[in-house]
Amino acid sequence: MSGGDTGQVSRTGSAVAGIGAAALGAAAGQLVAVLVNPASAPIVAVGAAIVDLVPTPLKEWAVATLGTADKAVLIGTVVVGVVVLSAIAGVLAVRRPAVGYGLFAVIGLIGVLAAATRPASGQLDWLPAIVGTAVALGVLRLELRWLADR
C-alpha cells in the first residue's frame, strides 16, 4: 500500500482509529512529562493555558459553580475536545491524508505552544507534546493501514 491510500475504511472505523491514536499519543506525552515536568503534559498544559486566557469573571463563576470539581471539568472538557478533533482527523485522513494528519499536527502544536509558553516552563517542556504527536501520527497511520487491509 502506498502513501495515504487506505482502501475502503468506514467513517466509524477511521473515527475510532483517530480517537485511539490520540489516546496513545496523550499517554506517550504524559509519560514523557513525568520525566521532564508533570505540568508539561499536553492535556494539563492546554488546560492551564485555557485558564490563563479565560476572563476573570468566568473563572470566578466556574470556581463558584463547580467548586473543587473545576479542574476536573476543565481537563474533561479538553479531553472531549481532543476526542472530537481526533475523530474528525481520523475520518479526514482516509480521504484527504494531508488534512487529517495536518489536523493532528495542529492539535500537537497547540500542546507544544501551551507547554512552552507557561510562565514557569522549562527548556524541554515542549517535548511531551512533540512525542505525543509523533506517536499519534504513527499510530493513526498503522491503524488506517490495518483497517484498509482487513
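Two residues are said to be in contact when heavy atoms of one lie within 4.5 Å of heavy atoms of the other. The model examined here is predicted, and the description concerns the packing of helix α1 against helix α4.

By this definition, G29 is in contact with P42, P128 and G132, once its neighbours within four places in sequence are left aside. The residue G29 belongs to helix α1. Its relative accessibility is 0%, and G29 therefore counts as buried, since the limit for a buried residue is under 20% relative accessible area. The C-alpha atoms of G29 and V80 are separated by 17 Å, and the two residues are 51 residues apart along the chain.

Helix α1 comprises residues 11–36, and helix α4 comprises residues 70–95. For α1, a rise of 1.5 Å a residue over 26 residues gives an expected span of 38 Å, and the distance of 37 Å between the end C-alpha atoms agrees with it. For α4, the 26 residues should likewise span 38 Å, and the end C-alpha atoms, 39 Å apart, agree with that value.

The arrangement of a helix pair can be summarised in two quantities: two packed helices are described by the angle between their axes and the distance between the axes. The axes of α1 and α4 come within 7 Å and cross at roughly 130°. The two helices are therefore oblique to each other. The crossing in which α1 passes α4 is right-handed.

The contact between the two helices was then resolved into residues. On the side of α1, R11, S14, A15, G18, I19 and A22 take part, and they meet V82, V83, S86, A87, G90, V91 and V94 of α4. Classified by residue type, this contact contains eight nonpolar, four polar and one charged residues.

Three residues of this contact illustrate the packing in detail. G18 is placed in helix α1 and, with a relative accessibility of 0%, counts as buried. Apart from residues up to four places away in sequence, G18 touches S86, G90, F104, L140 and E143. G18 and A87 are 69 residues apart in sequence, yet their C-alpha atoms are 4.8 Å apart in space. S14, also found in helix α1, is buried with a relative accessible area of 1%. Beyond its neighbours within four places in sequence, S14 is in contact with V9, G90, V91, V94, L144 and L147. On the opposing helix, S86 is found in α4 and is buried, its relative accessible area being 1%. The residues touched by S86, not counting residues up to four places away in sequence, are G18, I19, A22, F104 and I107.

Burial was also considered along each helix. In α1, the buried residues are G13, S14, A15, A17, G18, A21, A22, G25, A28, G29, V32 and A33. The elements that cover them include α2 (42–53), α4, α5 (97–116) and α6 (127–149). In α4, the buried residues are D70, L74, V78, S86, A87, A89, G90, A93 and V94. Their cover includes α1, α2, α3 (56–66), α5 and α6. The spacing of residues in such lists may be read against a general property of helices: an α-helix has 3.6 residues a turn, so residues three or four places apart point the same way.

Technical notes: Residues are numbered from 1 along each chain as its sequence is written. This is a predicted model: local features need pLDDT of at least 70, side-chain atom pairs count only at pLDDT 80 or more; totals for chains, interfaces and linings use all residues. Side-chain values use heavy atoms; hydrogens and water are left out. Axes are lines fitted to C-alpha atoms, for helices over the stretch in contact, and angles run from 0 to 180 degrees between N-to-C directions. Helices (H or I, at least four residues) and strands (E, at least two) are DSSP runs, numbered from the N terminus. Angles under 35 degrees count as roughly parallel, over 145 as roughly antiparallel, 65 to 115 as roughly perpendicular and the rest as oblique. A crossing is left-handed if the near helix is turned anticlockwise from the far one by less than a right angle, and right-handed if clockwise. Ala, Val, Leu, Ile, Met, Phe, Trp, Tyr, Cys and Pro count as nonpolar, Asp, Glu, Lys and Arg as charged, and the others, Gly among them, as polar. Buried means under 20% relative accessible area, exposed over 50%, partly exposed in between (1.4 Å probe, protein chains only). The expected span of a helix is 1.5 Å times one less than its number of residues.
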